Amino acid sequence: MAKINFGGVEEEVVTREEFPLEKAQEVLKDETVAVIGYGVQGPGQALNQKENGVNVIVGQRKGSKTWDKAVADGWVPGETLFEIEEALEKGTIICYLLSDAAQIEVWPTVKKHLTAGKALYFSHGFGITYKERTGIIPPEDVDVILVAPKGSGTSLRRMFLEGRGLNSSYAVFQDATGKAKDRAVALGIAVGSGYLFPTTFKKEVFSDLTGERGTLMGAIQGIFAAQFEVLRQNGHSPSEAFNETVEELTQSLMPLVAENGMDWMYANCSTTAQRGALDWWKPFRDAVKPVFEDLYKSVATGEEAQKSIDANSKPDYRVKLEEELKELHDSEMWQAGAEVRKLRPENDN
């Protein structure tokens, strides 16, 4: 493992130079990787592994939309695409990529096919970390491992096709065979990771739930909405409010942050922008840090997990979810965004 200094803290990471694809292929040469679930992470992980020379099959409910999607992606019924139970029987590594709610529902079926020596692979620590709530308690004679790409399955696939890698964390919860770590790292390379950094199932889910509710989705939408509403209340047009709130950030500034860091972006803005940003970032930090502390506490106590389990298990969950998503879709800010995106130069014919 390579030792990298991150802001004064030394961490050990696995790079593709020290653990090349050829090594991953050697580790996985006798394995059959059964990807169970073909929704968010399944397509990207399954296709990337397949194109990296790993023996992959997909397990999904026949007749479902995701079964049809798998067929459209080139998986062949009876050869590389099977009903879930048949795929579980054939697989030596079970990539359990169903949603958290579906993992709870399907777990009794999965468990009976976890014979000695197999590996149970997750891309999220939820089911294992909150096992008292989910009931997902693996037998002691199987490896339990995790590779969690730091982005959506769509991003994982897109970056793979571009010849790039999406960074991932990895963890070993249970090493029954003595080769759990090698299996995890090899799978991490095979799914298309840029580099791999170690974590635990608990740390992965704590950071993931905090991030999703925080800067990745919840907090950023809240900040967008607050600024957009203030601009509109003060007479700015929807186009101006959206451009100053979202478009400039996502299309101009965040790519610079991704390439060189926020410090570099600050140093390459106008002096007026620099002065204002330097004056205001700490008040914003101080205002929202208590919210993040409450959020992390809610994650750590399991309250957020229970909310998800309770909500996702209700029969009308999908209907209520669509109603909440529609509120976002129909908001003035994102309706303005839809029009702004149409006007981007790349959309010109």
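Good morning. I begin with the lining of the second largest pocket, which by class has 21 nonpolar, six polar and three charged residues. Please keep in mind throughout that this is a predicted model.

The space in this pocket comes to about 1600 Å³. Of the 30 residues that line the pocket, I220, I223, Q227, L249 and M262 lie nearest its centre. Which helices supply the lining? At least two residues each come from α11 (218–233), α12 (238–260), α13 (262–267) and α14 (271–300). The largest share belongs to α14, with eleven residues of the lining.

Helix α14 also leads us to my second topic, since α14 is among the elements that cover the buried residues of α15. Helix α15 spans residues 303–312, and in this helix E304, A305 and I309 are buried. These three lie on the same side of α15, because they cover an arc of only 135° around the axis. As a general point, an α-helix has 3.6 residues a turn, so residues three or four places apart point the same way. Besides α14, the cover over the buried residues of α15 includes α5 (100–111), α6 (126–129), α7 (131–134) and α10 (201–213).

Finally, I turn to the sheet. Ten strands form an open sheet with mixed pairing, and their order is β1-β2-β10-β9-β8-β7-β6-β3-β4-β5. Which strands stand at the edges? They are β1 (2–6) and β5 (81–82), each of which pairs on one side only. Within the sheet, β3 (residues 33–36) and β6 (residues 93–96) pair in the parallel sense over four bridges. Opposite V33 stands I93 in β6.

Thank you for your attention.

Terms used: Residues are numbered from 1 along each chain as its sequence is written. This is a predicted model: local features need pLDDT of at least 70, side-chain atom pairs count only at pLDDT 80 or more; totals for chains, interfaces and linings use all residues. Side-chain values use heavy atoms; hydrogens and water are left out. On a 1 Å grid over the protein atoms alone, a cavity is a set of points where a 1.4 Å probe fits but cannot get out, and a pocket is an open set with protein on both sides within 12 Å along at least five of seven lines; lining residues have an atom within 4 Å of a point. Grid points are joined across faces, edges and corners, and a volume is the space filled by probe spheres set on the points. Ala, Val, Leu, Ile, Met, Phe, Trp, Tyr, Cys and Pro count as nonpolar, Asp, Glu, Lys and Arg as charged, and the others, Gly among them, as polar. Buried means under 20% relative accessible area, exposed over 50%, partly exposed in between (1.4 Å probe, protein chains only). The arc is that of the directions from the helix axis to the C-beta atoms. Contact means heavy atoms within 4.5 Å. Two strands pair if DSSP finds at least two bridges between them.
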